Amino acid sequence: MAYIIYGTGIFSDVLLDEILMDDEQVLAFCLDENLIDADTHLDRPLLSFSNVEEFYPPTDVDLLIGITYQKKNETRNAYYQKGIDKGYSMSGFVSKNSNISKKTTIGKNNIILSGNLIQAGVEIGQNNVLWNTNHIGHHSKIGDNCFISSHVVISGNCEIGKNAFFGVNSTVIDNITIGDYSLIGAGAVVKEDTIQNQVIK
């Protein structure tokens with residue numbers, strides 16, 4: 001698979017490295033034109049997002065959104081929708097160095113980095129980021145637009161609403177429901193259901 005990546009922040013560097021580890025290609029980066037201050041990024045062309053499909057058409061490459069959780073992942077979702085409008089398949093990137101059950105379903109535009117363990121019966125919606133080395137327990141459901149940092153444990157049969165954020169080393173015990181836009185802080189242990197916009201420290 002060959003990709004172009006929207007974004008030039010730190011995540012773009014991490015994402016490039018993960019893609020190259022899978023022996024796949026990144027052909028170029030893109031940004032909104034008013035943000036461009038160079039011709040290249042990480043030794044690849046840096047193009048205007050407004051017409052990137054003219055240089056790299058959707059029939060030849062796919063687009064990845066290399067931004068993280070600004071505005072609880074709403075910014076990333078907006079660019080995902082723009083990519084769909086441009087005709088890209090937005091199939092996402094799932095590292096070959098993750099251990100994912102064949103009984104897992106994964107929606108569009110998910111980025112799952114190396115080291116993730118995803119068990120049987122898990123359902124993952126659209127436009128999520130799973131950073132490295134998380135455990136997603138059996139039959140759990142993850143909604144859309146979530147960001148799951150490193151070393152997070154989501155135990156079995158949990159239900160995660162949309163636009164949730166999980167800090168590093170956070171843990172959710174079995175059979176828990178996490179409300180939309182919940183923020184689970186680093187190292188937090190969630191033992192009860194959360195409601196929309198709840199913060200757990």
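## A tour of a strand-rich predicted model

Ile124 stands opposite Ile142 in β14. That pair is a good place to begin, and since the coordinates come from a predicted model, everything below describes the prediction. The strands involved are β11 (residues 123-124) and β14 (residues 141-142), which pair in the parallel sense over two bridges.

**The two open sheets**

Both β11 and β14 belong to an open sheet of five strands, ordered β8-β11-β14-β17-β20 with parallel pairing. Its edges are β8 (105-106) and β20 (177-178), each of which pairs on one side only.

An open sheet of seven strands also appears, with the order β6-β9-β12-β15-β18-β21-β23 and parallel pairing. Here the edge strands are β6 (93-94) and β23 (199-200), each with pairing on one side only. Within this sheet, look at β15 (residues 147-148) and β18 (residues 165-166): they run parallel and are joined by two bridges. Ile148 has Phe166 of β18 as its bridge partner. As a reminder, strands of a sheet pair through backbone hydrogen bonds, either parallel or antiparallel.

**The chain as a whole**

How many helices and strands does the chain have? There are three helices and 23 strands. The C-alpha atoms fill a box of roughly 50 × 35 × 25 Å along the principal axes. For 201 residues, a compact globule would have a radius of gyration near 17 Å, and the chain agrees, with 17 Å. Buried residues make up 51% of the 201 residues. Of the contacts with a separation of 6 or more, 29% are between residues 24 or more positions apart.

**Strands β1, β2 and β5**

Turning to β1 (2-6), five of its five residues are buried, so β1 is largely enclosed by the rest of the structure. Both of its faces are covered: Ala2, Ile4 and Tyr6 are buried on one side, and Tyr3 and Ile5 on the other. This fits a general pattern: in a regular strand the side chains alternate between the two faces of the sheet.

The pairings of β1 are set out here with their residue partners.

| Strand pair | Sense | Bridges | Residues opposite each other |
|---|---|---|---|
| β1 and β2 | parallel | five bridges | Tyr3 and Val26 |
| β1 and β5 | parallel | four bridges | Ile4 and Leu63 |

Strand β5 is likewise covered on both faces, with Asp62 and Leu64 buried on one side and Leu63 and Ile65 buried on the other.

**Two helices, each with a buried face**

Helix α1 (residues 10-21) has twelve residues and reaches 17 Å from its first C-alpha to its last, close to the 16 Å expected at 1.5 Å a residue. Its buried residues are Phe11, Ser12, Leu15, Leu16, Glu18 and Ile19. Seen down the axis of α1, these fall within an arc of 165°, so they line one face of the helix. The general geometry helps here: an α-helix has 3.6 residues a turn, so residues three or four places apart point the same way. After α1 comes Asp23, with a positive phi near 60°.

Helix α3 (74-85) also has twelve residues and a reach of 17 Å between its first and last C-alpha atoms, close to the expected 16 Å. Which residues of α3 are buried? They are Arg76, Asn77, Tyr79, Tyr80 and Gly83. Viewed down the axis of α3, the buried residues fall within an arc of 165°, so they line one face of this helix. The elements covering them include β1, β5, β9 (111-112) and β12 (129-130). Just after α3, Gly87 takes a positive phi of about 100°.

**Where the pieces meet**

The largest nonpolar core has 35 residues, and those with the most contacts inside it are Ile4, Tyr6, Leu15, Ile19 and Leu63. At least two residues of this core come from each of β1, α1, β2 (25-31), β4 (44-48), β5 (62-65) and α3. Ile19 of α1 is a good residue to click on: leaving aside residues up to four places away in sequence, Ile19 touches Tyr3, Ile5, Glu24, Gln25, Val26, Leu64 and Phe93.

Apart from the largest core lies another, of 22 residues, among them Val122, Val172, Val190 and Ile200.

Terms used
Residues numbered from 1 in each chain as written. Predicted model: local features only at pLDDT ≥ 70, side-chain atom pairs only at ≥ 80, totals over all residues. Heavy atoms only, no water. Expected span 1.5 Å × (residues − 1). Buried < 20%, exposed > 50% of the residue type's maximum accessible area, 1.4 Å probe, protein only. Arc of directions from axis to C-beta. Pairing = 2+ DSSP bridges. Core = buried A, V, L, I, M, F, W, Y, C linked by side-chain atoms within 4.5 Å. Contact = heavy atoms within 4.5 Å. Rg over C-alpha atoms; globule rule 2.2 N^0.38 Å.
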